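Subject: Structure for your review, with notes

Dear colleague,

I am passing on the structure below, together with some notes on it. Please read the notes with the structure open beside them.

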Amino acid sequence: MVELDKSISFDGRDIRLKVGLLAPQAGGSVLIQSGDTAVLVTATRAVAREGIDFLPLLVDYEERLYAAGRIPGGFLRREGRPPEKVTLISRLIDRPLRPLFPSWLRDDIQIVATTLSMDEQVPPDVLAVTGASIAVLQAKIPFYGPMAAVRVGLVGDDFIINPTYREIEAGDLDLVVAGSPDGVVMVEAGANQLPEQDIIEAIDFGYEAVRDLIQAQRELIAQLGIESVVEEPPPKRPELVEFVRDRTTNSIKEILTKFELDKNDRDAALDEIKENSVIAAIAQLPEDDPIRVTTTEESQAVDKVFKDVTKELMRRQIVEDGVRVDGRKLDEVRLVSCQIGLLPRRVHGSALFNRGLTQVLSTATLGTPGDAQKLDDLNPEEDKRYLHHYNFPPFSVGETKPMRSPGRREIGHGALAERALVPVLPPQEEFPYVLRVVSEVLSSNGSTSMGSVCGSTLALMDAGVPISKPVSGAAMGLIKEGDEVRILTDIQGIEDFLGDMDFKVAGTDTGVTALQMDMKITGLSMDVIAQAIQQARPARLHILEKMLEVINEPKVELSPFAPRLLIVKIDPELIGLVIGPGGKTIKGITEQTGAKVDIEDDGTVTVSAIDAEKAKKAINIIQGMTRKLNEGDVYVGRVTRIIPIGAFVEVLPGKEGMIHISQLADHRVGKVEDEVSVGDEVVVKVREIDSKGRLNLTRLGIHPDEAAAARATAAI
């Protein structure tokens, strides 16, 4: 294998491409590096399996913690189940690759991207996307590339290419743009309520850099002597196409113009046409007829032809007549309805969001700082205080199948909804709760992720979370036939399935907070992208108006079942004192008060309990334990125990000192019990604090005014 290096620079950042050094048995491999972040990306192709009627593309992104000089946690001390971030990057690589493979390709293709080194400045994800394109081209797999991706940040008023983690955190935009020679193929973004025009300009800015990376790949492939692979698609069966078209066109047209049919009725009617007009007719043909179906592959061919005819007729109806299968105009939103407070008792906030046949139930739960999710991946962030989980059970589409752990799609949709809401959440210092929102998709007919955004906004407001602005979202679709382009607002299932684009836009009335665009064609011009973003705004605002009719601002009071949080700062050097050996002290506070105690490294102590009085009691104990005592201070304390040489007195919650028998009275005391008993309230003065921090107390030499002041303080 020929070894070759190539570098490309833009905006002061270098990307280095190295091929021929690593993974020589893979179909194609590249080590792509920027700064000290290096990702090995490989592509391998295997022979198609029998009976496969789709592209079996498998994309795996792998993180190795040694890349950042870390050893994994857990018992095994090795990487295990992939963290959520790893799954999201796998999807980020997959989404721009998939539409660039020929639609007829059925070979097994696997892309593996492994981060080998990371400087915690340069994110590896966009490097992996670009590396995947290079590896596929090397592997000589049919591919409408090259393809590349860049990240765009916004710091101040300036867009920057491939910002560092710190620049992303400081800026108002985190946008990933992937493109091919034909245009943009994927967009993923989080934004701090940016105007639509800023988003459009950022995508255009990013695509200019993508073009540079595409040109660099072309030069690299030419230097390697690799030519574009051209493979003939499987032979078409025009006689089968005509057979299906002649027997179904009129019937399908009739179904597609019965606007009163819902999704289930329409699907059932189309299945009936296929069964009665196609499959039954083929079964009546002579055995030697070339259209006769005798194998699984031929049966799949019939299904595909019927789907293609249906797709062609639906798209023609939209392009020529401007009418959709449910009778809506191209820019019309389905009927929207909302409800809050649906679930009783201990659910802190809940909302039901309906848009057409799509229905999402979202719940909000308020937790304590200890409920934050600890992250064990290469991302510099150590924890998350806002969690959004999305569930898509099979009954939501009228199907039956085993329910397992969340799949990549569920993780991706949850992350998109999470990203849409993060910009409007209250700052941690003002609202220290950890928040978890769960969106249960109860019925799906298009854009459940945007339904989750809307339902979750309502649930947070119902829970009393003081979000700065409500967020809504809509999914835009596309039908492109030659030069004819039609953008669809609020797409439903069939329009997503048979269309060319799924473009989700979420935001407030001020601007955009999240974007996600996926294509089924090889690229899209900036003019069409701009039109889709602009057309989404009135749809979002219409949906937002319907949401605000139900609840127009967050509730003032939290749910009575939500924990009450009290916060106090202590000297970080005293954290060990509060925790105690083996956590004994902090466990004792919890057992005594019924409150939960969380302590951060900076000395921030958060105490939570459903009953605020329990939280206050725990705070008093902690403040007492950590309060600095001085010699000569006078307190009213309680005798906790007696020993032969003296009595122990709790002068502050959790802080005890001892009165020696000689300090109990101004006369000789024979027995401690002659002067005090357990439970007695006594006025004492700090006589001495020894080198070990122990308190020595006395009842002698206390002025009446000092005693009166101590009693007054204790009464408070």
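The notes below cover the cores, the aromatic pairs, one arginine and one sheet.

This is a predicted model, in which local features need pLDDT of at least 70 and side-chain atom pairs count only at pLDDT 80 or more, while totals for chains, interfaces and linings use all residues. Residues are numbered from 1 along each chain as its sequence is written, and side-chain values use heavy atoms, with hydrogens and water left out.

The largest nonpolar core (buried Ala, Val, Leu, Ile, Met, Phe, Trp, Tyr and Cys residues joined through side-chain atoms within 4.5 Å) has 89 residues, and those with the most contacts inside it are I93, F101, I111, I203 and F503. Its largest share, 13 residues, is contributed by helix 4 (residues 196-224); helices here are DSSP runs of H or I with at least four residues, strands are runs of E with at least two, and both are numbered from the N terminus. Apart from neighbours within four places in sequence, I203 is in contact (heavy atoms within 4.5 Å) with residues including L175, V177, L515 and M526. A second, separate core of 40 residues includes L425, L458, A514 and L558.

Four aromatic pairs were counted, the rule being that ring centres of Phe, Tyr or Trp (its six-membered ring) lie within 6.5 Å, with planes under 30 degrees apart called stacked, over 60 edge-to-face and the rest tilted. One of them joins F159 in strand 8 (residues 158-161) to F205 in helix 4, parts that are 46 residues apart in sequence; the ring centres are 5.7 Å apart and the planes are at 35°, so this pair is tilted. F205 is partly exposed at 30% relative accessibility, where buried means under 20%, exposed over 50% and partly exposed in between (1.4 Å probe, protein chains only). The rings of F431 and Y433 are also tilted, at 4.8 Å and 45°, and here F431 is buried at 8%, as is Y433 at 5%.

R315, in helix 7 (residues 296-321), is buried at 5% relative accessibility. Its side chain comes to 2.9 Å from the backbone oxygen of K480, and among the residues R315 touches, beyond those up to four places away in sequence, are I479, E481, L498 and D500.

Lastly, three strands form an open antiparallel sheet in the order 22-24-23, where pairing requires at least two DSSP bridges. Strand 22 (564-569) and strand 23 (596-599) each have a single partner, so one side of each is left without a neighbour in the sheet.

With best wishes

Conventions. A polar contact is a pair of N or O atoms within 3.5 Å; within protein, one must be able to donate a hydrogen and the other to accept it, and residues adjacent in sequence count only if both atoms are side-chain atoms.
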